[in-house]
Amino acid sequence: MSRYVIKFYKEGVLRYISHLDLLRLFKRSFKREGIRLQYSQGFNPHPKMSFAQPLSLGYSSTGEYIEFETTQPYPPEEIKEKMNRILPEGMGILSCEELPAAGKTLAAMTNAADYEISIPCPEGGNIDIIQLVSAYLSQKAITVLKHQRKSGKDVEIDMKPMIHDFAGFVDNNYIMLHCRLSAGSTANLSPELVLSSFCSHSRISYDRTEVNIKRKEIYFDS
């Protein structure tokens with residue numbers, strides 16, 4: 001058994017492929033290229049393959065990670081070349097590395113992620129984005145209502161400790177926000193909450209259908 005991690009990008013129309021469909025795409029691609037995946041045991045065996053952090057529908061990314069196990073060793077560069085040969089337009093492998101056979105999963109080690117958010121400038125608006133970002137971050141607490149899946153309730157949280165970096169600038173009539181947010185099983189902050197909170201505090205109106213969110217990178221515990 002060998003264990004690998006692939007870093008890949010996803011853009012264009014593939015932003016709208018679901019998490020499950022993406023898993024199926026990888027499974028079919030591995031099979032067509034003769035890369036034999038290791039399967040779990042039991043009544044319903046499935047390939048040992050998982051993402052570091054699921055990506056929300058509609059987001060593009062230049063820093064996604066999937067780990068998987070194979071029944072035999074393959075040169076990482078061979079895996080990269082084979083997968084890039086078969087994956088659809090808008091998706092590609094950036095790197096492939098072999099992992100130690102035993103160890104924590106990438107999902108368990110995920111601690112943060114970088115996002116880029118682009119918002120059309122309000123018509124006729126004269127935006128001092130540096131001042132707006134400074135005022136936003138100067139708050140003692142940045143409270144929002146976050147939906148808890150387990151309880152089904154909305155709970156007020158202070159998300160300021162989960163915003164590790166936040167900056168902005170205006171480029172070609174777009175407000176560009178760059179943020180590093182907590183991610184993973186311990187603490188996970190959606191860029192949607194940051195977008196809504198910042199624009200509300202800064203009194204910036206926007207149409208969500210015109211906003212683009214890209215995940216740039218995922219970070220892991222060493």
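**A predicted two-domain protein: overview and selected residues**

Good morning. I begin with charge: the protein carries 27 positive and 26 negative side chains, and 7 Å separates the centres of the two sets. Please keep in mind throughout that this is a predicted model.

Let me turn to the overall architecture. The protein is built from five helices and 10 strands. Measured out along its principal axes, the C-alpha trace covers about 60 × 40 × 30 Å. Of the 222 residues in the protein, 44% are buried. The exposed area comes to about 12,600 Å², and carbon and sulfur atoms supply 49% of that area. As for contacts between residues at least 6 apart in sequence, 73% of them join residues at least 24 apart.

I now come to the domains. The domain assignment places residues 2-108 in domain 1 and residues 110-220 in domain 2. To the contact between them, domain 1 gives 16 residues and domain 2 gives 17 residues. The centres of domain 1 and domain 2, taken over C-alpha atoms, are 28 Å apart. How much area do domain 1 and domain 2 bury between them? The figure is about 1,300 Å², with 41% of it on carbon and sulfur atoms.

With that frame in place, I would like to visit several individual residues, starting with Ser2. This residue belongs to strand β1, which covers residues 2-10. Is Ser2 buried or exposed? Ser2 counts as buried because its relative accessibility is 7%, and the cut-off for buried is under 20%. Setting aside neighbours within four places in sequence, Ser2 has contacts with Phe68, Glu69, Thr70, Gln72, Pro73 and Glu98.

A second serine, Ser190, sits in the loop between β9 (174-182) and α5 (191-202). Its relative accessibility is 26%, so Ser190 is classed as partly exposed. When residues up to four places away in sequence are not counted, Ser190 touches Tyr59 and Leu181. Ser190 and Leu137 are 53 residues apart along the chain, and their C-alpha atoms are separated by 17 Å.

Next is Arg32, a residue of helix α1, which runs over residues 19-32. Arg32 has a relative accessibility of 69% and therefore counts as exposed. From Arg32 to Asn212 the C-alpha to C-alpha distance is 33 Å, and the two are 180 residues apart in sequence.

Finally, I draw your attention to two residues for their backbone angles. Which loop holds Asn173? Asn173 is found between β8 (163-171) and β9. Although Asn173 is not a glycine, its phi is positive, at about 65°. Asn173 counts as exposed because its relative accessibility is 58%.

Arg203 is the other residue I have chosen for its phi, which is near 55°, a positive value in a residue other than glycine. The loop that contains Arg203 lies between α5 and β10 (212-220). With a relative accessible area of 80%, Arg203 is exposed.

To close, I return to two points. The assignment gives domain 1 (2-108) and domain 2 (110-220), and the two bury about 1,300 Å² between them. Among the residues I have described, Ser2 is buried, Ser190 is partly exposed, and Arg203 is exposed. Thank you for your attention.

Conventions
Residues numbered from 1 in each chain as written. Predicted model: local features only at pLDDT ≥ 70, side-chain atom pairs only at ≥ 80, totals over all residues. Heavy atoms only, no water. Helix = DSSP H or I, 4+ residues; strand = E, 2+ residues; numbered from the N terminus. Buried < 20%, exposed > 50% of the residue type's maximum accessible area, 1.4 Å probe, protein only. Contact = heavy atoms within 4.5 Å. Areas by Shrake-Rupley, 256 points an atom, 1.4 Å probe, with all protein chains shown as cover. Lys, Arg positive; Asp, Glu negative; His and termini not counted. Charge placed at Lys NZ, Arg CZ, Asp CG, Glu CD. Domains from an automatic or database assignment. Buried area = accessible area lost by both parts, 1.4 Å probe.
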